[in-house]
Amino acid sequence: MRGLPVSTATLIGLLAGTLTTAAWLPQVMRAFRTKSTRDFSWSWFAMFGTGVAIWLIYGLAASAPAVIVTNALTFLLVLGLCLLKLVHDGAGRPRAGRN
């Protein structure tokens with residue numbers, strides 16, 4: 001049994017999606033290492049996370065593997081940053097001793 005042929009467009013989409021998704025890894029790692037997500041606003045999380053989720057839904061509806069895989073991974077990274085913000089920044093509340 002042979003595998004399904006992968007189109008050039010799918011390969012380009014996977015490459016682009018891999019690069020844009022991987023671009024988040026240094027930010028997530030830095031936030032994890034420094035325990036600081038103060039530069040991320042909750043409105044940014046809401047807008048960006050919603051946009052990524054809609055792209056994921058689109059990818060599922062269009063049966064576009066490159067869109068599905070890369071947006072699912074990006075959504076997981078955004079959720080990870082959200083969790084870090086909740087844990088480290090106390091859901092946006094200032095910590096004692098910080099300005």
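This dialogue walks through the helices of a predicted model and how they pack.

Reader: What does the secondary structure of the chain come to?

Author: The predicted chain has 4 helices and 0 strands. Along the sequence the pattern reads α-α-α-α.

Reader: How many of the 99 residues are buried, as a percentage?

Author: Buried residues account for 27% of the 99. Contacts add another view. Take those in the chain with a separation of 6 or more: 70% of them join residues 24 or more positions apart.

Reader: Let us take one helix. Which residues of α2 are buried?

Author: Helix α2 spans residues 24-34, and W24, V28 and A31 are buried in it. Their arc around the axis is only 65°, which puts them on the same side of α2.

Reader: Which exposed residues sit on the face turned away from that buried side?

Author: That face of α2 carries P26, M29 and R33, which are exposed.

Reader: What do the buried residues of α2 pack against?

Author: They pack against three helices: α1 (8-22), α3 (42-62) and α4 (65-89).

Reader: Now helix pairs. What describes two packed helices?

Author: Two things do: the angle between their axes and the distance between the axes. Start with α3 and α4. They pack at about 155°, and their axes are 9 Å apart. An angle over 145 degrees counts as roughly antiparallel. So α3 and α4 are roughly antiparallel to each other.

Reader: Is the crossing of α3 and α4 left-handed or right-handed?

Author: The crossing of α3 and α4 is left-handed. The contact involves many residues. On the α3 side they include W42, F45, F48, V52, W55 and L56, and on the α4 side they include V67, I68, F75, V78, L81 and L86. Sorted by class, this contact has 17 nonpolar, 4 polar and 1 charged residues.

Reader: At what angle do α2 and α4 cross, and within what distance do their axes come?

Author: The α2 and α4 axes cross at roughly 20° and come within 10 Å. Angles under 35 degrees count as roughly parallel. α2 and α4 are therefore roughly parallel to each other. Their crossing is left-handed.

Reader: Which residues of α2 and α4 meet?

Author: From α2 come W24, L25, Q27, V28, A31 and F32; from α4 come T74, L77, L81, L84 and H88. The class count for this contact is 8 nonpolar, 3 polar and no charged residues. Note W24, V28 and A31. They are the buried residues of α2 named earlier, and they appear again in this contact with α4.

Reader: On to the backbone. What sign of phi do most residues other than glycine have?

Author: Most have a negative phi. This chain offers K35 and S63 as cases to read against that. K35 follows α2. Its phi is positive, near 60°, and K35 is not a glycine.

Reader: Where does K35 lie? Is K35 buried or partly exposed?

Author: K35 lies in the loop between α2 and α3. With a relative accessible area of 46%, K35 is partly exposed.

Reader: What is the phi of S63? And where is S63 found?

Author: The phi of S63 is positive, about 55°, although S63 is not a glycine. S63 is found in the loop between α3 and α4.

Reader: Does S63 count as buried or exposed?

Author: Anything over 50% relative accessible area counts as exposed. S63 has 58% relative accessibility, so S63 counts as exposed.

Technical notes
Residues numbered from 1 in each chain as written. Predicted model: local features only at pLDDT ≥ 70, side-chain atom pairs only at ≥ 80, totals over all residues. Heavy atoms only, no water. Buried < 20%, exposed > 50% of the residue type's maximum accessible area, 1.4 Å probe, protein only. Helix = DSSP H or I, 4+ residues; strand = E, 2+ residues; numbered from the N terminus. Arc of directions from axis to C-beta. Contact = heavy atoms within 4.5 Å. Axes fitted to C-alpha atoms, helices over the stretch in contact; angles between N-to-C directions. Parallel < 35°, antiparallel > 145°, perpendicular 65-115°, else oblique. Left-handed = near helix turned anticlockwise from the far one by under 90°. Nonpolar A, V, L, I, M, F, W, Y, C, P; charged D, E, K, R; others polar.
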